[in-house]
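Biologist: I should like to learn how to read a model of this kind, feature by feature. Could we begin with how helices pack?

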Amino acid sequence: MAITLHLGDITADDRAEAIVNAANSSLLRGGGVDGAIHDAAGPALLEECRLIGGCPTGEVRVTGAGRLGARCIIHAVGPVFAGGARGESELLGSCYHAAIEAAAAHGCATVALPAISTGAYGYPLDGAAAVAVGAVDAAMRAHDTVREARFWLFDERAYGAFTVALEALGTTPTRAGAGGASRRAS
Ligand code: AR6
């Protein structure tokens, strides 16, 4: 299994079978990753989200991927950061765990993920990166049909925070060059 890091727009991933969205609990289109995914997928995605009718924080819901090349979109609702004492880390970890579980349930071996909650929801990057990488690593050990988790980081600061988090997990990532990034295999 591998966790790889990629710099840029998650909708540019042309290898992922499932793409994880940083959604809100209404599942109705917002900004950030959510807006980019809806733009790339097209209007059918919003209609499908509307029919689902919402998703609690810490959980995921799965839809088709519209015009995107992936097989499905896994909409994950991260917590709004409110200081850290309101169960934010558990809720964030739960999102990632549920996302990998959903990917496995839908037969997807390669999953693209954003840094959930680190934009509009204000979760500090370093803490979010540690939770994200730890939860995805644990979930992939429990669901070993998911072979690669591809984290898409929007800027160098986020990329750096995830690099440190991967290193803390026990492996030194090495930058693999354009389009690739860093890799952890076990
Ligand atoms: N590809 C990869 N990463 C991105 C992209 C992109 N296209 N766009 C932004 N990021 P956010 P949240 C980074 O705000 O904090 C929406 O309105 C961004 O720099 O997308 O979970 C939803 O509807 C940041 O590091 O998600 C919700 O209401 C990270 O992705 C709310 O925002 C997450 O930022 C969810 O907030």
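Modeller: Two packed helices are described by the angle between their axes and by the distance between those axes. Here the axes of helix 3 (residues 88-105) and helix 4 (residues 125-142) come within 8 Å and cross at roughly 35°. Axes are lines fitted to C-alpha atoms, for helices over the stretch in contact, with angles from 0 to 180 degrees between N-to-C directions; helices (H or I, at least four residues) and strands (E, at least two) are DSSP runs numbered from the N terminus. This is a predicted model: local features require pLDDT of at least 70 and side-chain atom pairs pLDDT 80 or more, while totals for chains, interfaces and linings use all residues. Residues are numbered from 1 along each chain as its sequence is written.

Biologist: Which residues make the contact between helix 3 and helix 4?

Modeller: Helix 3 contributes residues including Leu-92, Tyr-96 and Ile-100, and helix 4 residues including Val-131, Ala-135 and Met-140; contact denotes C-beta atoms, placed from the backbone, within 7 Å. By class, this contact has 10 nonpolar, four polar and one charged residues (Ala, Val, Leu, Ile, Met, Phe, Trp, Tyr, Cys and Pro are nonpolar, Asp, Glu, Lys and Arg charged, the others, Gly among them, polar).

Biologist: How should the side chains of strand 2 be read?

Modeller: In a regular strand the side chains alternate between the two faces of the sheet. In strand 2, Ala-18, Val-20 and Ala-22 point one way, and Ile-19, Asn-21 and Ala-23 the other. Six of its six residues are buried, so strand 2 is largely enclosed by the rest of the structure (buried: 20 or more other C-beta atoms, placed from the backbone, within 10 Å; exposed: 12 or fewer; partly exposed: in between).

Biologist: Which strands pair with strand 2?

Modeller: Strand 4 (residues 72-77) pairs with strand 2 in the parallel sense over six bridges, and Val-20 stands opposite Ile-74. Strand 5 (residues 110-113), also parallel, is joined to strand 2 by two bridges, with Ile-19 opposite Ala-112. Pairing requires at least two DSSP bridges.

Biologist: How many residues surround the ligand?

Modeller: The shell holds 24 residues, the closest being Ala-22, Asn-24, Gly-30, Gly-32 and Gly-119; a C-beta atom, placed from the backbone, within 6 Å counts as near. Helix 1 gives the most, four residues. By class, the shell has 13 nonpolar, nine polar and two charged residues.

Biologist: Where does Leu-27 lie, and is it buried or exposed?

Modeller: Leu-27 lies in the loop between strand 2 and helix 1 and is buried, with 23 other C-beta atoms within 10 Å. Its phi is positive, about 65°, although it is not a glycine.

Technical notes: Two residues are in contact if their C-beta atoms, placed from the backbone, lie within 7 Å.
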